[in-house]
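Student: Could you take me through one part of this model in detail? I would like a close look at the place where the ligand sits.

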Amino acid sequence: MTTTFQAWWVSKQADASGAATQTASLRELADGDLIAGDTVIAVEYSSINYKDALALCGRPGVVRNWPLIPGIDLVGTVESSDSMDWAPGDTVVLNGAGLGESAHGGLAQRARVDGSALVRVPEALGSLRSAAVGTAGFTAMLSVLAVERHGVTPGDGPVLVTGAAGGVGSVAVALLAGLGFTVVASTGRAEKEAAYLTTLGAAEILDRAGLSEPGKPMQSQRYAAVVDAVGSHTLVNAIAQLNSGGVATTCGLAQGADLPGSVLPFILRGVSLAGINSVDASLARRQEAWARLERDLDVDLLDGMTDVVPLATAKENAERLLAGEVRGRTVVDVNA
Ligand SMILES: NC(=O)c1ccc[n+]([C@@H]2O[C@H](COP(=O)([O-])OP(=O)(O)OC[C@H]3O[C@@H](n4cnc5c(N)ncnc54)[C@H](OP(=O)(O)O)[C@@H]3O)[C@@H](O)[C@H]2O)c1
(Lines give C-alpha, C1' and ligand atoms only; values in the text may rest on other atoms or scores of the structure.)
Protein backbone atom coordinates (compact mmCIF):
# COMPACT_ATOMS: atom_id res chain seq x y z
CA MET A 1 0.00 0.00 0.00
CA THR A 2 1.32 3.47 -0.89
CA THR A 3 1.34 5.93 2.00
CA THR A 4 0.51 9.45 0.90
CA PHE A 5 0.97 12.58 2.97
CA GLN A 6 0.76 16.37 2.86
CA ALA A 7 3.94 18.40 2.47
CA TRP A 8 5.17 21.80 1.37
CA TRP A 9 7.22 21.51 -1.81
CA VAL A 10 9.70 24.09 -3.11
CA SER A 11 10.38 23.94 -6.82
CA LYS A 12 12.50 26.03 -9.13
CA GLN A 13 11.49 27.23 -12.56
CA ALA A 14 12.41 29.88 -15.12
CA ASP A 15 10.18 32.98 -15.43
CA ALA A 16 9.31 34.63 -18.77
CA SER A 17 12.71 36.37 -18.88
CA GLY A 18 14.53 33.08 -18.25
CA ALA A 19 15.53 34.03 -14.68
CA ALA A 20 15.23 31.26 -12.06
CA THR A 21 12.40 31.62 -9.53
CA GLN A 22 11.43 29.44 -6.61
CA THR A 23 7.87 28.70 -5.49
CA ALA A 24 6.39 26.76 -2.59
CA SER A 25 3.08 24.90 -2.69
CA LEU A 26 1.26 22.37 -0.55
CA ARG A 27 1.25 18.94 -2.24
CA GLU A 28 0.21 15.36 -1.67
CA LEU A 29 3.34 13.21 -1.80
CA ALA A 30 4.07 9.51 -1.43
CA ASP A 31 6.85 7.72 0.48
CA GLY A 32 8.57 7.19 -2.87
CA ASP A 33 9.13 10.97 -3.06
CA LEU A 34 11.31 10.88 0.05
CA ILE A 35 15.06 10.51 -0.32
CA ALA A 36 17.37 7.96 1.26
CA GLY A 37 17.75 7.81 5.04
CA ASP A 38 17.79 5.14 7.72
CA THR A 39 14.89 6.41 9.83
CA VAL A 40 11.24 7.04 8.89
CA ILE A 41 9.43 9.53 11.11
CA ALA A 42 5.75 10.31 11.49
CA VAL A 43 6.15 14.06 11.89
CA GLU A 44 4.05 15.87 14.49
CA TYR A 45 5.44 19.39 14.38
CA SER A 46 7.78 21.64 12.45
CA SER A 47 8.26 25.37 12.95
CA ILE A 48 8.89 28.59 11.08
CA ASN A 49 12.38 29.93 11.51
CA TYR A 50 13.84 32.79 9.50
CA LYS A 51 15.33 30.30 7.01
CA ASP A 52 11.99 28.52 6.59
CA ALA A 53 10.33 31.85 5.93
CA LEU A 54 12.87 32.60 3.18
CA ALA A 55 12.35 29.15 1.60
CA LEU A 56 8.54 29.33 1.73
CA CYS A 57 8.48 32.85 0.30
CA GLY A 58 10.64 31.97 -2.72
CA ARG A 59 13.76 33.79 -1.52
CA PRO A 60 17.12 32.35 -2.58
CA GLY A 61 19.93 31.16 -0.29
CA VAL A 62 18.34 28.40 1.80
CA VAL A 63 17.14 25.60 -0.51
CA ARG A 64 20.07 24.08 -2.38
CA ASN A 65 18.41 21.03 -4.03
CA TRP A 66 15.16 21.25 -6.00
CA PRO A 67 12.45 20.18 -5.63
CA LEU A 68 12.64 20.02 -1.82
CA ILE A 69 10.39 19.78 1.21
CA PRO A 70 11.31 22.86 3.31
CA GLY A 71 11.44 22.96 7.12
CA ILE A 72 14.72 22.99 9.09
CA ASP A 73 13.04 21.47 12.18
CA LEU A 74 11.02 18.38 12.85
CA VAL A 75 9.63 16.64 15.90
CA GLY A 76 7.91 13.29 15.58
CA THR A 77 7.74 9.59 16.31
CA VAL A 78 10.06 7.01 14.79
CA GLU A 79 8.04 4.65 12.63
CA SER A 80 10.92 2.43 11.52
CA SER A 81 14.69 2.66 11.71
CA ASP A 82 17.78 0.76 10.58
CA SER A 83 19.85 2.79 13.05
CA MET A 84 21.02 0.97 16.20
CA ASP A 85 20.08 4.09 18.19
CA TRP A 86 16.39 4.34 17.36
CA ALA A 87 13.32 2.12 17.65
CA PRO A 88 9.69 2.51 16.60
CA GLY A 89 7.82 4.73 19.05
CA ASP A 90 10.81 6.88 20.04
CA THR A 91 10.00 10.59 19.96
CA VAL A 92 12.79 12.59 18.37
CA VAL A 93 13.76 16.13 17.45
CA LEU A 94 15.98 17.17 14.55
CA ASN A 95 17.29 20.69 13.93
CA GLY A 96 19.32 21.64 10.90
CA ALA A 97 21.73 18.95 9.72
CA GLY A 98 20.75 19.83 6.14
CA LEU A 99 17.01 19.45 6.74
CA GLY A 100 15.03 21.82 4.52
CA GLU A 101 18.23 22.97 2.77
CA SER A 102 19.86 20.00 1.04
CA ALA A 103 17.60 17.19 2.36
CA HIS A 104 13.79 16.98 2.60
CA GLY A 105 12.64 18.83 5.71
CA GLY A 106 10.00 18.91 8.39
CA LEU A 107 7.10 20.81 6.80
CA ALA A 108 5.47 17.47 5.96
CA GLN A 109 3.57 14.71 7.67
CA ARG A 110 6.34 12.19 7.02
CA ALA A 111 10.13 12.29 6.79
CA ARG A 112 12.97 9.90 6.06
CA VAL A 113 16.21 11.11 7.64
CA ASP A 114 19.64 10.06 8.78
CA GLY A 115 19.30 9.00 12.43
CA SER A 116 22.77 10.22 13.40
CA ALA A 117 21.75 13.81 14.26
CA LEU A 118 18.48 12.93 16.01
CA VAL A 119 18.05 13.79 19.68
CA ARG A 120 15.48 12.21 21.98
CA VAL A 121 12.67 14.65 22.84
CA PRO A 122 13.39 15.80 26.41
CA GLU A 123 10.77 14.34 28.75
CA ALA A 124 10.15 17.60 30.58
CA LEU A 125 9.47 19.41 27.31
CA GLY A 126 7.53 16.90 25.21
CA SER A 127 6.91 17.17 21.47
CA LEU A 128 5.06 20.48 21.13
CA ARG A 129 7.42 22.42 23.37
CA SER A 130 10.47 20.89 21.66
CA ALA A 131 9.10 22.21 18.37
CA ALA A 132 8.49 25.57 20.04
CA VAL A 133 12.19 25.61 20.94
CA GLY A 134 13.14 24.52 17.41
CA THR A 135 16.28 25.71 15.66
CA ALA A 136 15.81 29.25 16.98
CA GLY A 137 15.74 28.13 20.62
CA PHE A 138 18.46 25.54 20.07
CA THR A 139 20.63 28.31 18.58
CA ALA A 140 19.86 30.61 21.51
CA MET A 141 21.06 27.82 23.82
CA LEU A 142 24.22 27.28 21.74
CA SER A 143 24.85 31.03 22.07
CA VAL A 144 24.41 30.93 25.85
CA LEU A 145 26.74 27.92 26.05
CA ALA A 146 29.36 29.92 24.10
CA VAL A 147 29.00 32.85 26.54
CA GLU A 148 29.46 30.43 29.43
CA ARG A 149 32.47 28.75 27.81
CA HIS A 150 34.01 32.19 27.61
CA GLY A 151 33.71 32.37 31.42
CA VAL A 152 31.13 35.17 31.60
CA THR A 153 28.98 35.04 34.74
CA PRO A 154 26.00 37.20 35.86
CA GLY A 155 28.31 39.20 38.14
CA ASP A 156 30.36 40.41 35.17
CA GLY A 157 27.69 42.80 33.88
CA PRO A 158 24.65 42.97 31.61
CA VAL A 159 24.18 40.89 28.46
CA LEU A 160 22.76 42.50 25.32
CA VAL A 161 20.36 40.43 23.17
CA THR A 162 19.63 41.81 19.68
CA GLY A 163 16.57 40.94 17.58
CA ALA A 164 15.06 40.31 20.98
CA ALA A 165 11.42 39.88 19.95
CA GLY A 166 12.34 37.31 17.28
CA GLY A 167 12.70 33.55 17.77
CA VAL A 168 16.38 33.33 18.71
CA GLY A 169 16.12 36.57 20.69
CA SER A 170 13.05 35.63 22.73
CA VAL A 171 14.50 32.29 23.84
CA ALA A 172 17.89 33.93 24.56
CA VAL A 173 16.24 36.58 26.77
CA ALA A 174 14.30 33.93 28.72
CA LEU A 175 17.33 31.64 29.12
CA LEU A 176 19.78 34.37 30.18
CA ALA A 177 17.35 36.00 32.62
CA GLY A 178 16.57 32.57 34.08
CA LEU A 179 20.29 31.99 34.62
CA GLY A 180 20.54 35.24 36.58
CA PHE A 181 21.98 37.57 33.94
CA THR A 182 20.80 41.17 33.66
CA VAL A 183 19.42 41.23 30.12
CA VAL A 184 19.21 44.30 27.89
CA ALA A 185 16.88 43.59 24.96
CA SER A 186 17.30 45.47 21.67
CA THR A 187 14.22 45.53 19.47
CA GLY A 188 12.60 47.48 16.65
CA ARG A 189 9.26 47.00 18.40
CA ALA A 190 10.04 48.62 21.76
CA GLU A 191 6.63 50.19 22.19
CA LYS A 192 4.58 47.15 21.19
CA GLU A 193 6.72 44.40 22.74
CA ALA A 194 8.17 46.01 25.89
CA ALA A 195 5.72 44.18 28.18
CA TYR A 196 6.40 40.88 26.37
CA LEU A 197 10.18 41.24 26.70
CA THR A 198 9.90 42.32 30.33
CA THR A 199 7.82 39.21 31.05
CA LEU A 200 10.57 37.09 29.45
CA GLY A 201 13.01 38.68 31.90
CA ALA A 202 14.52 41.71 30.15
CA ALA A 203 15.64 44.35 32.64
CA GLU A 204 15.94 47.08 30.00
CA ILE A 205 14.54 47.56 26.49
CA LEU A 206 16.54 49.42 23.82
CA ASP A 207 15.25 50.74 20.51
CA ARG A 208 17.29 48.89 17.88
CA ALA A 209 17.67 52.14 15.89
CA GLY A 210 20.37 53.14 18.40
CA LEU A 211 22.56 50.24 17.21
CA SER A 212 21.69 49.95 13.54
CA GLU A 213 23.67 52.89 12.08
CA PRO A 214 27.46 53.17 11.66
CA GLY A 215 29.10 54.12 15.01
CA LYS A 216 32.51 54.79 16.53
CA PRO A 217 34.89 51.80 16.59
CA MET A 218 35.32 52.11 20.38
CA GLN A 219 32.31 53.10 22.49
CA SER A 220 31.57 53.19 26.23
CA GLN A 221 31.90 49.74 27.77
CA ARG A 222 28.46 48.41 28.73
CA TYR A 223 28.14 44.67 28.25
CA ALA A 224 29.87 41.56 29.53
CA ALA A 225 28.45 39.64 26.56
CA VAL A 226 26.25 40.05 23.49
CA VAL A 227 23.96 37.46 21.89
CA ASP A 228 23.41 38.72 18.36
CA ALA A 229 21.05 37.45 15.66
CA VAL A 230 21.20 40.57 13.51
CA GLY A 231 24.74 41.14 12.16
CA SER A 232 25.89 44.24 10.24
CA HIS A 233 26.17 47.61 12.07
CA THR A 234 24.18 46.26 15.04
CA LEU A 235 26.81 43.61 15.78
CA VAL A 236 29.68 46.01 15.12
CA ASN A 237 28.24 48.60 17.57
CA ALA A 238 27.56 45.87 20.12
CA ILE A 239 31.18 44.68 19.89
CA ALA A 240 32.31 48.31 20.34
CA GLN A 241 30.31 48.40 23.62
CA LEU A 242 31.69 45.14 25.08
CA ASN A 243 33.61 45.31 28.35
CA SER A 244 37.29 44.34 28.23
CA GLY A 245 37.54 40.58 27.75
CA GLY A 246 33.84 40.27 26.81
CA VAL A 247 32.35 38.06 24.11
CA ALA A 248 29.77 38.51 21.38
CA THR A 249 28.10 35.54 19.74
CA THR A 250 27.01 35.84 16.12
CA CYS A 251 24.39 33.58 14.57
CA GLY A 252 22.26 35.69 12.27
CA LEU A 253 21.95 38.33 9.60
CA ALA A 254 18.51 39.87 10.03
CA GLN A 255 20.00 43.33 9.41
CA GLY A 256 22.75 42.14 7.06
CA ALA A 257 25.53 39.65 6.45
CA ASP A 258 28.18 42.37 6.41
CA LEU A 259 30.50 43.12 9.32
CA PRO A 260 31.53 46.72 8.70
CA GLY A 261 33.75 47.18 11.73
CA SER A 262 37.22 47.67 13.16
CA VAL A 263 39.75 45.41 14.85
CA LEU A 264 40.20 47.98 17.65
CA PRO A 265 37.88 46.38 20.26
CA PHE A 266 39.62 43.05 19.65
CA ILE A 267 43.17 44.35 20.00
CA LEU A 268 42.60 47.08 22.61
CA ARG A 269 39.96 45.38 24.80
CA GLY A 270 40.66 41.73 24.08
CA VAL A 271 37.04 41.00 23.19
CA SER A 272 36.07 37.85 21.28
CA LEU A 273 33.58 36.95 18.60
CA ALA A 274 32.08 33.45 18.76
CA GLY A 275 30.39 32.05 15.66
CA ILE A 276 27.32 29.86 16.19
CA ASN A 277 26.40 27.19 13.63
CA SER A 278 23.37 25.14 14.60
CA VAL A 279 23.17 23.25 11.29
CA ASP A 280 26.44 21.34 11.70
CA ALA A 281 26.53 21.11 15.50
CA SER A 282 28.02 17.80 16.68
CA LEU A 283 25.74 15.22 18.26
CA ALA A 284 27.47 15.82 21.61
CA ARG A 285 26.79 19.57 21.39
CA ARG A 286 23.16 18.90 20.35
CA GLN A 287 22.64 16.63 23.33
CA GLU A 288 24.28 19.13 25.68
CA ALA A 289 22.13 21.99 24.38
CA TRP A 290 18.88 20.01 24.62
CA ALA A 291 19.72 18.84 28.14
CA ARG A 292 20.31 22.46 29.15
CA LEU A 293 17.09 23.60 27.44
CA GLU A 294 15.22 20.97 29.43
CA ARG A 295 16.85 22.17 32.65
CA ASP A 296 16.98 25.93 32.16
CA LEU A 297 14.11 27.08 29.94
CA ASP A 298 10.97 28.17 31.79
CA VAL A 299 8.18 26.30 29.97
CA ASP A 300 5.55 28.89 30.93
CA LEU A 301 7.64 31.57 29.23
CA LEU A 302 8.13 29.25 26.24
CA ASP A 303 4.37 28.70 25.99
CA GLY A 304 3.81 32.45 26.15
CA MET A 305 6.09 33.10 23.17
CA THR A 306 4.59 30.33 20.99
CA ASP A 307 1.79 30.29 18.41
CA VAL A 308 0.68 26.99 16.87
CA VAL A 309 -0.59 27.09 13.27
CA PRO A 310 -1.81 24.39 10.83
CA LEU A 311 0.34 23.09 7.96
CA ALA A 312 -1.73 24.82 5.27
CA THR A 313 -1.00 28.28 6.74
CA ALA A 314 2.79 27.87 6.90
CA LYS A 315 3.38 30.17 3.93
CA GLU A 316 1.18 33.02 5.15
CA ASN A 317 2.87 32.80 8.54
CA ALA A 318 6.26 32.87 6.80
CA GLU A 319 5.23 36.09 5.03
CA ARG A 320 4.23 37.58 8.39
CA LEU A 321 7.61 36.64 9.87
CA LEU A 322 9.53 38.35 7.06
CA ALA A 323 7.28 41.41 7.45
CA GLY A 324 8.38 41.64 11.11
CA GLU A 325 4.89 40.85 12.39
CA VAL A 326 5.72 37.67 14.32
CA ARG A 327 7.13 37.67 17.81
CA GLY A 328 8.69 34.63 19.44
CA ARG A 329 8.09 31.26 17.86
CA THR A 330 5.62 29.73 15.41
CA VAL A 331 5.06 25.97 15.60
CA VAL A 332 3.49 24.20 12.64
CA ASP A 333 1.17 21.32 13.56
CA VAL A 334 1.58 19.26 10.40
CA ASN A 335 -1.52 17.16 11.11
CA ALA A 336 -3.89 20.07 11.76
N1 LIG B 1 23.69 30.34 12.76
C2 LIG B 1 22.67 29.54 12.99
O3 LIG B 1 22.83 28.34 13.17
C4 LIG B 1 21.30 30.11 13.04
C5 LIG B 1 20.25 29.42 13.64
C6 LIG B 1 19.01 30.05 13.78
C7 LIG B 1 18.81 31.32 13.25
N8 LIG B 1 19.84 31.93 12.62
C9 LIG B 1 19.68 33.28 12.08
O10 LIG B 1 19.36 34.15 13.15
C11 LIG B 1 18.51 35.17 12.68
C12 LIG B 1 17.23 35.19 13.50
O13 LIG B 1 16.48 34.01 13.25
P14 LIG B 1 15.01 33.85 13.85
O15 LIG B 1 14.51 32.54 13.41
O16 LIG B 1 15.04 34.22 15.29
O17 LIG B 1 14.26 35.01 13.02
P18 LIG B 1 13.10 35.99 13.49
O19 LIG B 1 12.18 35.31 14.41
O20 LIG B 1 12.57 36.62 12.26
O21 LIG B 1 13.89 37.09 14.34
C22 LIG B 1 14.72 38.03 13.74
C23 LIG B 1 14.60 39.33 14.50
O24 LIG B 1 15.62 40.21 14.05
C25 LIG B 1 15.16 41.54 14.18
N26 LIG B 1 15.32 42.22 12.89
C27 LIG B 1 14.67 41.96 11.73
N28 LIG B 1 15.07 42.79 10.76
C29 LIG B 1 16.01 43.61 11.31
C30 LIG B 1 16.79 44.69 10.82
N31 LIG B 1 16.69 45.11 9.56
N32 LIG B 1 17.65 45.29 11.67
C33 LIG B 1 17.76 44.88 12.95
N34 LIG B 1 17.03 43.86 13.48
C35 LIG B 1 16.18 43.24 12.66
C36 LIG B 1 13.69 41.48 14.59
O37 LIG B 1 13.64 41.60 16.01
P38 LIG B 1 12.97 42.90 16.71
O39 LIG B 1 11.62 43.05 16.09
O40 LIG B 1 12.97 42.57 18.15
O41 LIG B 1 13.88 44.05 16.35
C42 LIG B 1 13.29 40.07 14.23
O43 LIG B 1 12.23 39.60 15.02
C44 LIG B 1 18.29 34.91 11.19
O45 LIG B 1 19.23 35.64 10.44
C46 LIG B 1 18.58 33.41 11.08
O47 LIG B 1 18.94 33.02 9.80
C48 LIG B 1 21.07 31.35 12.50
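Tutor: Happy to; here is a walk around the ligand and through two residues, followed by some backbone details.

Please keep in mind that this is a predicted model. The ligand is surrounded by 25 residues, and the closest are Val-168, Thr-187, Gly-188, Arg-189 and Ser-278. Sorted by class, that shell holds 11 nonpolar, 12 polar and two charged residues. Both domain 1 (4-121 + 305-333) and domain 2 (135-275) contribute at least three residues to the shell. Among the helices, α2 (126-149) and α3 (167-178) each provide at least two shell residues.

Now for the polar contacts with the backbone. At Gly-188, a backbone N or O atom sits 2.7 Å from an oxygen atom of the ligand. At Tyr-50, a polar backbone atom is 3.1 Å from a ligand oxygen. A nitrogen atom of the ligand, in turn, has a backbone N or O atom of Ile-276 at 2.8 Å. On its own the ligand has 920 Å² of accessible area, and the protein covers 87% of that.

Let us look at Thr-187, which is among the closest residues to the ligand. Thr-187 belongs to strand β9, residues 183-187. Its relative accessible area is 3%, so Thr-187 counts as buried, the cut-off being under 20%. Setting aside residues up to four places away in sequence, Thr-187 touches Ala-165, Leu-197, Ile-205, Leu-206, Asp-207 and Arg-208.

Ile-276, whose backbone meets the ligand nitrogen, leads us to Ser-143. Apart from neighbours within four places in sequence, Ser-143 is in contact with Val-227, Thr-249 and Ile-276. Ser-143 lies in helix α2, and its side chain reaches the backbone oxygen of Thr-139 at 2.8 Å. With a relative accessible area of 1%, Ser-143 is buried.

Finally, some backbone geometry you may want to inspect. Most residues other than glycine have a negative phi, and most peptide bonds are trans. Ser-232 has a positive phi of about 50°; this residue is in helix α5, residues 232-240, and is buried at 3% relative accessible area. Ala-97 also has a positive phi, near 55°, but its place is in the loop between β5 (91-95) and β6 (110-113). Ala-97 is partly exposed, with a relative accessible area of 40%. The peptide bond from Trp-66 to Pro-67 is cis, with omega near -15°, and Pro-67 is found in the loop between α1 (50-56) and β4 (73-81).

Methods
Residues are numbered from 1 along each chain as its sequence is written. This is a predicted model: local features need pLDDT of at least 70, side-chain atom pairs count only at pLDDT 80 or more; totals for chains, interfaces and linings use all residues. Side-chain values use heavy atoms; hydrogens and water are left out. A residue is near a molecule or strand if one of its heavy atoms lies within 4 Å of it. A polar contact is a pair of N or O atoms within 3.5 Å; within protein, one must be able to donate a hydrogen and the other to accept it, and residues adjacent in sequence count only if both atoms are side-chain atoms. Accessible areas come from the Shrake-Rupley method with a 1.4 Å probe; for residues, only the protein chains shown count as cover. Helices (H or I, at least four residues) and strands (E, at least two) are DSSP runs, numbered from the N terminus. Ala, Val, Leu, Ile, Met, Phe, Trp, Tyr, Cys and Pro count as nonpolar, Asp, Glu, Lys and Arg as charged, and the others, Gly among them, as polar. Domain bounds come from an automatic or database domain assignment. Buried means under 20% relative accessible area, exposed over 50%, partly exposed in between (1.4 Å probe, protein chains only). Contact means heavy atoms within 4.5 Å.
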